[in-house]
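Visitor: Please take me through this model, and for each label you use, tell me what stands behind it.

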Amino acid sequence: MATSAVAEGQQSLNGIISDPQSKNLTDLPTELLEHILCFPVLKNVDICNVSCCCKRLHDVCHERGKVWGHQYKLRWPRLQRFYRQNECCDWLREYKTRHRVGIQIRRTVESISKRFFTEVPCVGQVLGDSFAEIESLGMPEHFCEDELLFILNSDKSKSLTLKYYAKKILYFLRQQNILRSLKTFLEQPAEQQSALEGAILVDQYCNPLAEVTLSSVSAQLDEIAEKVKKMLKIKNSSHPSLRIAQGDCFVVEDFELQRQVVCALNSVLYEQLQYKGNESDYYNPLNSYIHQVLLRRTGIPISLSVLYMTLAHKLGVQVEPVNFPNHFLLRWCQKQRGSEDIYDYVYIDAFGKGKQLTAKECEYLIGHQVTADYYSAISTTEVLLRMVGNLLNIGKRGEGNEKSYQLLRDSLDLYLTINPDNVQYLLLQARLYFHLGIWPEKVLDILQHIQALDPSQHGAVGYLVQHTLEHIQHKKHPATPEVKKRSAAEHVEVQYSVGLIMKHKRSGYNCVIYGWDPKCTMSQEWITTMRVHQLSSGANQPFYNVLVQDGTCRYAAQENLEPHSAPLEIGHPEVGRYFSEFANDHYFANEELQTRYPEDIVETLATVQDLYHRLTPGSGTQDQAPAADQNNQQAMAM
């Protein structure tokens, strides 16, 4: 396309120049000059040079003109959605601002690894100071985000450390925007709050790097509503719900007509589209995220109820959320609207394929009686607290890994945004941050807030304050990192080096080495639990810190590791913390890891080269053993 445009412009140019009355480039019409200067081969430097040639070309390249607008959109195409079509603005100023933001963002991201690197993975690490730096730039947020996305979308195997921290910053920035949107949402009058919009904000906060929007989810629900209307039309071609346009607020008053809507909705949702409750994987957090419920067509009672209630409202039937213990329900009034008699309602189990229950039958779901209060309709805020509470409980049930800690942090942030004075969860948040060793300044703020709300907590607060202050002092005087040289006498038995891609001989998993010890440094309890004594060399051999393909970090004995005969990338979320590049058969340690293992890079290259020669045809090629089951969860040392 670019070539044909150039050819077209060249033909026009040749035709005009052949005219004896027009011999100078500057004699060409402005439209043609703009067309020529918008050729894709011309970059911003070229336009700057052209505009310096003479006043005529300077005027053609003016800041609000087509030429700089084209340059801006060509270099940063993702930003076009922030401008109206044919909008007239100062494109040169926009270009300079975006360019300057890009330089500052990249400079900040590049500096983070030096300031926050730790050899031991820090679960749930928060780079608070760096986030504050990004926010303090005072630049348009969409420019900052665009540069971070540009970094993340660059060459897959290069700049891994830069991408690692760019992703963390993007995660944080998006979450801050979503929290602001949630606070604005909560300030609206209760009758204007949509449970769907609130649920999407929860979804977005827990998945800030996913493209989840209210408009995209609403469009999917509109499609489902149209399917229900088609089903309704077959049963009753004059049904009033068929005349409801998108966005209309219309309530079907007649009970029989409401019943027809509910029957059609159940048929489409559960029979045609096969939505169902996720009984086999109930505690998967994906069940709580609206975009995942729509994608996977399964969820838990509250997420399916939000979808069901939204669809019913779109079709003119008013159903209300019920905060029933252990099993979220909806209620549908069978008598005069607004009745307070619990027996005037049918209770809909969206998790159970829309089954309709009496008040008594609801108690059979949970196996015990409850008071009438539990059958009352609740507000959107209470729906969100229940939804976030579910995520909180899943986070608590987690295995103490990065994902469960992240979920716990995210759900605590959401819960305390909705209910900021909940002392129980404020204390949990402070303890979580203290346990993870992150953001001590924020811990002190939380503790101060707890003390003001509930002075009786002074014991727990005092303990955490004391140890948090010690942590802050420790941060001011960090310990000098240990440097491990392979040439040292005590390291003579260490065979492998950081950056090598390995295979575990027993468990079969693939991994990359990011650290090592000449002898096992774990506690005696760990050594006993992992049955290290059963190894031929026991704990008296080198042990390696490895990032495993399944996302875990393990500590493996040297005798159980061997270089991978067909090295491949390791899809671990922490790879970028330690390595700057994947070089087809090994990883390059970043500057921070090289500082700690200064002689390993040479050893890694030598090992890879030796492996290549041994496996090259004609030099003793060995058959590759079949890959073992990578899901084997045997002990890390074994």
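Guide: Let us begin with a pair of strands: strand 4 and strand 5 run antiparallel to each other and are joined over four bridges. This is a predicted model, in which local features need pLDDT of at least 70 and side-chain atom pairs count only at pLDDT 80 or more, while totals for chains, interfaces and linings use all residues. Residues are numbered from 1 along each chain as its sequence is written, and side-chain values use heavy atoms, with hydrogens and water left out.

Visitor: What makes strand 4 and strand 5 a pair?

Guide: Two strands pair if DSSP finds at least two bridges between them, and strand 4 and strand 5 have four. Strands here are DSSP runs of E with at least two residues, and helices are runs of H or I with at least four, both numbered from the N terminus. One of the bridges sets Arg331 opposite Tyr347 in strand 5.

Visitor: How do you know that strand 5 and strand 6 pair as well?

Guide: Three bridges hold strand 5 (residues 345–349) and strand 6 together in the antiparallel sense, and the criterion asks for at least two. Among the matched residues, Ile348 has Gln356 as its bridge partner in strand 6, and Asp349 stands opposite Lys355. The two strands form a hairpin with five residues between them.

Visitor: Why are strand 3 and strand 6 called edges of the sheet?

Guide: The open sheet has four strands in the order 3-4-5-6, with antiparallel pairing. Strand 3 (320–322) and strand 6 (355–357) each have a single partner strand, so one side of each is left without a neighbour in the sheet. Neighbouring strands of this sheet are turned by 40° against each other on average, direction ignored. Helix 15 (residues 359–366) lies across strand 4 (329–333), strand 5 and strand 6, and runs at about 115° to strand 6. These angles come from lines fitted to C-alpha atoms, for helices over the stretch in contact (heavy atoms within 4.5 Å), and they run from 0 to 180 degrees between N-to-C directions.

Visitor: What makes strand 5 mostly covered?

Guide: Five of its five residues are buried, a label given under 20% relative accessible area, with exposed over 50% and partly exposed in between (1.4 Å probe, protein chains only). Tyr345, Tyr347 and Asp349 point one way from strand 5 and Val346 and Ile348 the other way, and these residues are buried on both sides.

Visitor: What is unusual about the phi of Lys353, and is this residue buried or exposed?

Guide: Lys353, in the loop between strand 5 and strand 6, has a positive phi of about 60° although it is not a glycine. Most residues other than glycine have a negative phi. Its relative accessible area of 52% is over 50%, so Lys353 is exposed. Gln274, in the loop between helix 12 (255–272) and strand 1 (276–277), likewise has a positive phi, near 65°, and at 53% Gln274 also counts as exposed.

Visitor: Why is the pair of Tyr282 and Tyr283 called edge-to-face?

Guide: The structure holds 23 aromatic pairs. In this one the ring centres are 5.2 Å apart and the planes stand at 75°, so the pair is edge-to-face: rings of Phe, Tyr and Trp (its six-membered ring) pair if their centres lie within 6.5 Å, and planes under 30 degrees apart count as stacked, over 60 as edge-to-face and the rest as tilted. Tyr282 is partly exposed at 27%, and Tyr283 is partly exposed at 47%.

Visitor: Which charged residue sits over the ring of Tyr283?

Guide: The charged end of Arg397 does, at 3.7 Å from the ring centre. The label requires NZ of Lys or CZ of Arg within 6 Å of the ring centre and within 35 degrees of the ring normal. Arg331 lies over the face of Tyr345 in the same sense, 3.9 Å from that ring's centre.

Visitor: How many disulfides does the structure hold, and what is known about Cys38?

Guide: There are zero disulfides. The sulfur of Cys38 has its closest cysteine sulfur in Cys61, 8.9 Å away, whereas a disulfide needs two such atoms within 2.5 Å, so the distance is too far for a bond. Cys38 counts as buried at 10% relative accessibility, while Cys553, at 32%, is partly exposed.
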